[in-house]
Amino acid sequence: MDYDISHLLDQWEYQAGQIVVRRFTGKDRKEKIQLRVDLGVLQMNAEGRPDGKKPFGYASLLEYYQSRLHKYVAAHSGSDEGFKLQAEDCSKLQLEALQFHQRYFCLLQLEDYPAVVRDTERNLSVFEFVSKHAASDDLAWALRQFQPQLLMVLTRAKASQALKTDDYSMAIQLVEEGLDQIRTFYRDVAGVDNGDASGEVISLETWLEEIRAKRPLSSRERLERALSDAVRREDYERAAKVRDELKNLESKE
C-alpha cells in the first residue's frame with residue numbers, strides 16, 4: 001500500500017485564504033467532498049455523518065443521545081427532569097458538530113444550498129439539545145457560542161436559494177429574518193447590547209445592501225422613478241403621462 005499522497009497535493013494547489021473544495025464519487029459509490037488544507041486534504045462523505053461512522057449503531061451521536069433521552073423520559077413517568085449531559089457527552093457532541101461545520105462550509109462553496117440548510121439546521125438542533133440538557137451553563141455555552149456564525153451561514157444558504165430563482169423579495173426577507181435571529185441571540189443569550197458590531201451582522205447587512213441594489217424594479221417603482229425624473233427636468237407633459245400610467249396600474253392592483 002502506498003501511503004504517500006504527495007502526487008495528489010502536487011496536482012491540487014492550496015490557496016491561502018480560500019476554501020478550495022471538490023466533489024466526486026468514491027470507490028464505494030458514495031459521494032465525497034474533499035477540502036484542500038495547507039498540509040493535506042480532508043475527505044468527508046457528502047451525506048450522513050461526515051466521517052461515515054455510526055456511533056453505537058446510530059446515524060450520529062445526536063440521535064444516540066436523543067434515544068437515551070427518550071428512554072429516560074419513558075422510565076421517569078414522561079419527565080426529562082434529571083437527564084443531564086456531562087462534560088464528556090458535550091465534548092463528543094461538539095466534535096461531531098465540528099465535522100458538520102466543516103462540511104457545510106464546503107457545501108456553501110459548492111453552492112449546494114439545500115445541503116447547507118440540512119447541515120446547519122442539524123447543528124442548530126445539537127445546540128438546542130445541549131442548551132436544554134447540559135449539566136451546566138458553561139458546558140452549553142461551549143457549543144452555543146458558535147450559534148451566530150451558524151445562523152449567518154444558514155441565512156446565506158436560504159437567501160441564495162431564493163436568488164437562484166430571482167426571488168429578490170424573498171431573499172431580502174430571509175436575510176432580514178436572519179439578522180433578527182442573530183441580534184436576538186446576542187441580546188437574550190450572550191448578553192451583548194451591541195450585536196450590530198458583530199462580524200455576522202456586519203457581513204449580512206453588507207450583503208443585504210448588495211441584494212437590494214441588484215433587485216429589479218417593479219412596474220410601480222419604475223413609473224415612480226420616471227415621474228420623479230420628469231418633474232426634476234420640468235417635463236410636465238411627460239410627468240402627466242406617467243401619472244396616468246400610475247393611475248391605470250393602481251386600478252389593476
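Modeller: In this model, helices (H or I, at least four residues) and strands (E, at least two) are DSSP runs, numbered from the N terminus; with those elements fixed, Arg29 falls in the loop between β1 (20-25) and β2. The model is predicted, so local features need pLDDT of at least 70 and side-chain atom pairs count only at pLDDT 80 or more, whereas totals for chains, interfaces and linings use all residues. Residues are numbered from 1 along each chain as its sequence is written, and side-chain values use heavy atoms, with hydrogens and water left out.

Colleague: Why is Arg29 called exposed?

Modeller: The term rests on relative accessible area, where buried means under 20%, exposed over 50% and partly exposed in between (1.4 Å probe, protein chains only). Arg29 has a value of 78%, which is over the upper limit, and therefore it counts as exposed. Its backbone also deserves a look, with a phi near 70°, a positive value in a residue other than glycine.

Colleague: Where is Asp166 found, and what makes it exposed rather than buried?

Modeller: Asp166 sits in the loop between α6 and α7, and its relative accessible area of 56% passes the limit for exposed, so the label follows. Although Asp166 is not a glycine, its phi is positive, at about 60°.

Colleague: Why is Asn123 called buried, and how do you know that its side chain makes a polar contact?

Modeller: Asn123, which lies in helix α4 (residues 113-133), has a relative accessibility of 2%, which is below the limit for buried, so the term applies. A polar contact is a pair of N or O atoms within 3.5 Å, where within protein one must be able to donate a hydrogen and the other to accept it, and residues adjacent in sequence count only if both atoms are side-chain atoms. The side chain of Asn123 reaches the backbone oxygen of Ala97 at 3.0 Å, and because that distance is inside the cut-off, the pair qualifies. With contact taken as heavy atoms within 4.5 Å, and neighbours within four places in sequence left aside, Asn123 touches Ala97, Phe100, His101, Tyr104 and Leu150.

Colleague: What makes Thr155 buried or exposed, and which backbone oxygen does its side chain reach?

Modeller: Thr155, placed in helix α6, has a relative accessible area of 5%, and so it meets the criterion for buried. Its side chain reaches the backbone oxygen of Leu151 at 2.8 Å. Residues up to four places away in sequence not being counted, Thr155 also touches Leu174, Val175, Gly178, Leu204 and Trp207.

Colleague: Why is Ser131 called neither buried nor exposed?

Modeller: Ser131, also in helix α4, has a relative accessibility of 33%, which falls between the two limits, so it counts as partly exposed. Beyond its neighbours within four places in sequence, Ser131 is in contact with Ala140 and Arg144.

Colleague: What makes a set of residues a nonpolar core, and which element gives the largest share of the largest one?

Modeller: Such a core is a set of buried Ala, Val, Leu, Ile, Met, Phe, Trp, Tyr and Cys residues joined through side-chain atoms within 4.5 Å. The largest has 52 residues, and those with the most contacts inside it are Leu85, Leu93, Val130 and Val175. Its largest share, nine residues, comes from α4. In soluble globular proteins, nonpolar side chains tend to be buried together.

Colleague: How many residues does the second, separate core have?

Modeller: That second core has seven residues, including Leu223, Ala230, Val242 and Leu249.

Colleague: What makes an open set of grid points a pocket, and how is the lining of the largest pocket divided by class?

Modeller: On a 1 Å grid over the protein atoms alone, a pocket is an open set with protein on both sides within 12 Å along at least five of seven lines, and lining residues have an atom within 4 Å of a point. The lining of the largest pocket includes Lys30, Glu31, Asn45 and Ala59. Ala, Val, Leu, Ile, Met, Phe, Trp, Tyr, Cys and Pro count as nonpolar, Asp, Glu, Lys and Arg as charged, and the others, Gly among them, as polar, and on that basis the lining has two nonpolar, three polar and six charged residues.

Technical notes. 1 Å grid on protein atoms, 1.4 Å probe; cavity = no way out; pocket = protein on both sides within 12 Å on 5 of 7 lines; lining within 4 Å.
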